Amino acid sequence: MAEHQNVLFEISQGVATITLNRPEKLNALTMDMLHQLALLIAKCAEHDDVRAVILTGVGRGFSAGQDLAAVQGNQPVNFEQVVREGYNPVVQGIAACPKPVIAAVNGVAAGAGANLALACDLLVAAESAVFIQAFTAIGLMPDSGGTWFLPRIFGLHKAKELAFLGERLTAAEAKQWGMVARIFTHENFAAESFQFAHQIATLPTAALAMTKAAMHQALSLPLAEALDAEAKWQGKAGLTTDHAEGVAAFLEKRKPHFQGK
Ligand code: T3D
């Protein structure tokens, strides 16, 4: 496992695991950690051995968001710059990554920590995980894509309720809303999260990349243009080795072996 001070990175069986490693501060994020995250996500995007990515945390927190100690002091901090240079590249990196990115939310996810999880393609959560839009409590507003993701997941009014009140959303509630795909017990969380990611890594991941790109595109397209884009993406999907393998496996009544190509 390669170690950057507060972010760990490992690739195993087609799954890259990026782990926030500052448990004594609930993985509160520093600018250095955000830069490391952006670099590691870009590495996963490029790396042929990586077919799925897990983002998780060590200890009882996924991430408590911005390290508030780092932005408190005598000098006013330029929050616009922190958001533009720290958080936005991570969110954009996850969105642009042609590999499925899974947030394995092991515990509390607050502020930007919650919204980095929402930026991922799928979320799994420990029973004890909670999501908190903690911004209002410190006189800020949601960032890291919160204003984009929350209304899309919850609808406008529930999104505003979560953002305004900053109340805890439990893992069970998040699953009811469709935001969390699976809930695992705390004891088996790491193993079950890895198993889930590994299952996804064995799917036709080139087609998953196209699905992700097409869905993100479609969010801002009229139906006719989304249909046009779908036709183009499907044209590419139809040329993949995995498509040929999927059809052959169906006709031969066997399990397909997809390579992500
Ligand atoms: O530049 C900018 O600021 C703009 C960008 C903003 C993005 C954001 O993310 S703004 C939102 C920042 N996050 C928060 O406001 C959350 C603050 N934390 C909390 O509200 C609570 O810690 C939690 C609800 C997440 C968990 O509560 P609890 O009771 O389980 O744990 P705790 O005792 O509060 O925290 C444990 C330790 O982590 C503690 O350290 P200590 O006292 O034992 O040495 C605490 O200070 C530290 N910690 C928790 N969150 C942060 C933090 N340290 C620095 N920054 C934090 N965000």
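This passage describes the surroundings of the ligand and the two largest pockets of the protein.

The structure is a predicted model; local features need pLDDT of at least 70, side-chain atom pairs count only at pLDDT 80 or more, and totals for chains, interfaces and linings use all residues. Residues are numbered from 1 along each chain as its sequence is written, and side-chain values use heavy atoms, with hydrogens and water left out.

The ligand is surrounded by 23 residues, each with a heavy atom within 4 Å of it. Lys 25, Arg 60, Ala 64, Gln 66 and Ala 112 come nearest. By class, this shell holds 14 nonpolar, 3 polar and 6 charged residues. Here Ala, Val, Leu, Ile, Met, Phe, Trp, Tyr, Cys and Pro count as nonpolar, Asp, Glu, Lys and Arg as charged, and the others, Gly among them, as polar. Helix 2 (79–96) and strand 7 (108–110) each give at least two residues to the shell. Helices (H or I, at least four residues) and strands (E, at least two) are DSSP runs, numbered from the N terminus.

Backbone atoms approach the ligand at several points. A nitrogen atom of the ligand lies 2.8 Å from a backbone N or O atom of Gln 66. A polar backbone atom of Leu 68 is 2.9 Å from a ligand nitrogen. At Ala 112, a polar backbone atom is 2.9 Å from an oxygen atom of the ligand. On its own the ligand has 1000 Å² of accessible area, and the protein covers 68% of it (Shrake-Rupley method, 1.4 Å probe).

Pockets were sought on a 1 Å grid over the protein atoms alone; a pocket is an open set of points where a 1.4 Å probe fits, with protein on both sides within 12 Å along at least five of seven lines, and lining residues have an atom within 4 Å of a point. A volume is the space filled by probe spheres set on the points, which are joined across faces, edges and corners.

The largest pocket has a volume of about 850 Å³. Its lining comprises 31 residues, with Cys 120, Asp 121, Leu 122, Met 215 and His 216 nearest the centre. Helix 8 provides the largest share of this lining, 6 residues. The lining has 22 nonpolar, 5 polar and 4 charged residues.

The second largest pocket holds about 480 Å³ of space. It is lined by 27 residues, and Gln 66, Leu 68, Phe 135, Ile 138 and Leu 140 are the closest to its centre. Helix 2 supplies the largest share of the lining, 4 residues. The lining divides into 17 nonpolar, 6 polar and 4 charged residues.

How values were computed: A polar contact is a pair of N or O atoms within 3.5 Å; within protein, one must be able to donate a hydrogen and the other to accept it, and residues adjacent in sequence count only if both atoms are side-chain atoms.
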